[in-house]
Amino acid sequence: MNRKSTRLLAGLSIAGVAFATMAAPTAMAAPPADPYFCADNTTPMISQAEVVSTFDSTTEVTGLTVTKGTTPVGFTGKYVGNIEGALGKGRDMLLFEMSGAGIDSGARPSGIWAGMSGSPVYTQDGRLIGAVAYGLNSDNLPIAGVTPADYMKAVGSEPFSAPAIPTITKSNLEGASASAERLLVGKEPTQLKPVNVASGGKATVSALNKRMAKLPASSPFKTARSADFATVGSPAAIPEPLVPGGNIAAGFAAGDFFYGSVGTVTAICGQQVWAFGHPMDFAGNASYSIHNASAALVVPDSTGVTGSYKQVSRIGQQIGTITYDGYAAIKGQLGLDRGFPVTATARSSSGAILETYTGSIPGQQAAAFAASAPAYPLYDILDNSGSGTVRHSWRIGYKLPNNKTGVVSNSQVYATSADLVDYVASDLDMDLNSLLATDLADATITSVKSDVTLISRDSFTYRPIGAQVKVGSNWIHLQGKKLKQNKVHQVRPVYRNFVNGKPKGTSVGAAVKINVDKGASGVGKATFSGLAGDSGDCIFLFGMKFCDDESEESEEETGPQTFDELIASLKLVRADRGLVSAEWSVKSNSGKNLGKKQRQALFWGPGVLEGSRTVTFQIVR
């Protein structure tokens with residue numbers, strides 16, 4: 001949302017330009033030599049070469065952007081010069097001093113603000129020059145770096161030459177006046193930031209930001225990793241269509257789970273849309289949802305440090321998909337939907353539905369964002385920063401190239417006093433990544449359903465500390481007691497209860513039956529333990545494993561050899577399931593030692609089971 005500061009002296013100006021509001025330029029007949037931006041010979045365009053060769057400090061331009069609501073307003077400007085090769089070999093950045101749209105007016109002028117990215121700039125006769133995409137600093141300077149239209153038009157279709165935005169020098173700055181040269185030399189143009197917003201309450205978005213900040217530097221989702229997303233309401237209908245100069249939002253997730261960036265539309269050719277004038281994540285082939293958006297106002301930077309920005313008030317519903325994320329623009333298609341549905345349901349401890357959240361993920365590339373869906377019901381039902389005990393069940397639908405479909409179904413119980421969202425999302429994330437990253441089959445995710453049931457707003461865990469056996473109608477401690485052979489005995493675990501990590505009394509578990517064999521003798525033992533074992537404090541985040549200290553496995557395990565084996569390997573052992581394993585020696589009637597005998601039985605715990613405890617007992621005839 002904000003831009004870094006490389007402060008310039010306040011109050012400097014190159015040329016005073018009067019503000020003028022204008023209507024959107026219409027397609028007009030251009031001289032034969034003029035190219036068109038659209039393939040159907042609409043949206044007249046002037047090339048970078050012609051701008052550089054014919055513009056001077058008296059050349060006036062106009063532009064469109066949104067400062068409030070969804071309707072573009074006009075701004076004006078004058079040509080300053082160009083920075084040679086700033087956007088790649090043979091690709092110059094064009095510089096203009098702008099006026100209007102809050103840039104140089106009001107109690108505190110905003111300068112070139114975040115959210116202007118993509119604002120189209122036109123010649124006086126309506127030809128598209130390019131898009132506002134760069135600023136010089138966050139000291140509210142009204143000078144914009146413009147990406148040429150012909151560079152934007154070619155995005156995704158021409159070979160790319162590595163850009164290197166240089167510090168402005170006399171040698172690479174052309175066409176500027178002496179006063180402009182004195183102001184600009186030594187400065188470094190900075191890409192304007194889109195306005196990053198996510199749907200949900202403050203706690204939910206804060207948790208998402210915290211989660212995204214853990215993404216590794218190598219992640220393709222650099223925008224998400226910035227973790228500077230502000231809260232906005234869930235997408236709702238915005239009836240106005242996208243227009244050049246209007247707002248546009250590009251999302252990693254849509255619907256109730258919207259998480260994305262807002263900038264400005266530069267051009268529309270039929271169903272094709274170009275925006276931003278710079279990359280979102282520079283991902284090349286991409287799949288982001290397209291939405292309209294509404295703005296509340298432009299917020300001037302009063303500090304000269306963070307930069308001015310557009311405050312987004314509302315996101316519209318998905319109306320298309322961004323298909324390419326290049327250096328000069330993001331490009332997409334209206335009406336295209338590559339997404340798969342995602343739902344997340346919140347339930348009370350009784351199982352009653354409290355709320356259901358719906359949305360979609362715009363493509364397989366961003367499928368891992370579905371793992372964040374449980375954050376929405378979690379924060380609504382927990383009403384805290386991440387402490388609680390919940391049961392999470394999920395179903396991932398997938399499809400193979402042979403049209404075979406399947407479902408990965410899993411369930412787990414989690415209890416922690418902090419960062420519950422990370423742990424709840426971790427196993428879902430691991431399943432998604434396992435399906436997408438495997439080379440055993442080319443699986444496509446078709447749906448994700450998540451169901452979160454609140455057990456407690458506190459973290460409840462249970463640690464076996466002993467056992468009881470039923471004698472008659474009474475339960476007594478099993479340790480050291482005598483059990484008769486050739487008989488079925490009822491036993492149950494005794495737990496030490498932990499609430500938010502602190503011991504809080506004891507409780508007993510459900511009874512299970514153990515059949516002591518005929519001929520059993522001597523000392524027997526029974527071990528009560530949680531089946532899920534220790535998680536090792538590891539979580540999965542966007543398919544990458546993060547572990548505390550030495551908890552990461554030191555040896556690499558042999559993975560599944562077939563896709564069916566992979567699906568089978570994903571099945572989780574519930575953390576509230578336990579196993580009692582009893583063992584004793586058995587002798588024949590003649591007294592011959594027949595070795596050890598073991599009996600096992602499964603039991604359900606009241607919540608997350610941790611650790612194990614072994615008790616011993618005597619076996620008698």
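In this predicted model, P235 has a relative accessibility of 15% and therefore counts as buried, the limit for that class being under 20%. P235 belongs to the loop that joins strand 10 (230-232) to strand 11 (247-255). With residues up to four places away in sequence left aside, P235 touches S199, G255, D256, F258, I315, G316 and Q317. One of these partners, S199, is 36 residues from P235 in sequence, yet the C-alpha atoms of P235 and S199 are 7.6 Å apart in space.

A second loop residue, S372, was examined in the same manner. S372 is located between strand 18 (353-361) and helix 6. Its relative accessibility is 5%, so S372 is classed as buried, again by the criterion of under 20%. Beyond the residues up to four places away in sequence, the contacts of S372 are with L208, R211 and M212. Two of these partners, L208 and M212, also appear with S372 in the lining of the largest cavity.

The description of that cavity rests on a general principle. Rolling a probe the size of a water molecule over the atoms shows where empty space is left. For the structure as a whole, the search yields 2 cavities of 30 Å³ or more. The largest cavity holds about 90 Å³ of space. Its lining is formed by L208, M212, A253, F257, Y259, V342, I361, F369, A370, S372, A373 and Y376. By class, 11 of these lining residues are nonpolar and 1 is polar, while no charged residue takes part. The polar member is S372, because serine is not among the residues that count as nonpolar or charged. Several elements already named contribute to this lining: A253 falls within strand 11 (247-255), and I361 falls within strand 18 (353-361).

The second largest cavity contains about 50 Å³ of space. The residues that line it are L478, L483, V491, I514, A526, A582 and F617. Here the lining comprises 7 nonpolar residues, with no polar and no charged ones.

Open space was considered as well. The second largest pocket has a volume of about 310 Å³. Its lining consists of 15 residues, and those nearest its centre are Q191, K222, T223, M280 and D281. In contrast to the linings of the two cavities, which contain no charged residues, the lining of this pocket includes 4 charged residues, together with 5 nonpolar and 6 polar ones.

Helix 6, which follows the loop that holds S372, is mostly covered, with 7 of its 8 residues buried. The buried positions are A375, Y376, P377, L378, Y379, I381 and L382. Among them, Y376 is also part of the lining of the largest cavity. Just past the end of helix 6, D383 adopts a positive phi of about 55°.

The packing of helix 6 was then described. Two packed helices are described by the angle between their axes and the distance between the axes. For helix 6 (residues 375-382) and helix 7 (residues 420-437), the angle is about 145° and the axes lie 10 Å apart. The crossing of helix 6 with helix 7 is right-handed. Helix 6 contributes A375, L378, Y379 and L382 to the contact, and helix 7 contributes L420, V421 and V424. The residues of this contact comprise 7 nonpolar ones, with no polar and no charged members. The four contact residues of helix 6 are also among its buried residues.

Methods
Residues numbered from 1 in each chain as written. Predicted model: local features only at pLDDT ≥ 70, side-chain atom pairs only at ≥ 80, totals over all residues. Heavy atoms only, no water. Axes fitted to C-alpha atoms, helices over the stretch in contact; angles between N-to-C directions. Helix = DSSP H or I, 4+ residues; strand = E, 2+ residues; numbered from the N terminus. Left-handed = near helix turned anticlockwise from the far one by under 90°. Contact = heavy atoms within 4.5 Å. 1 Å grid on protein atoms, 1.4 Å probe; cavity = no way out; pocket = protein on both sides within 12 Å on 5 of 7 lines; lining within 4 Å. Points joined across faces, edges and corners; volume = space filled by probe spheres on them. Buried < 20%, exposed > 50% of the residue type's maximum accessible area, 1.4 Å probe, protein only.
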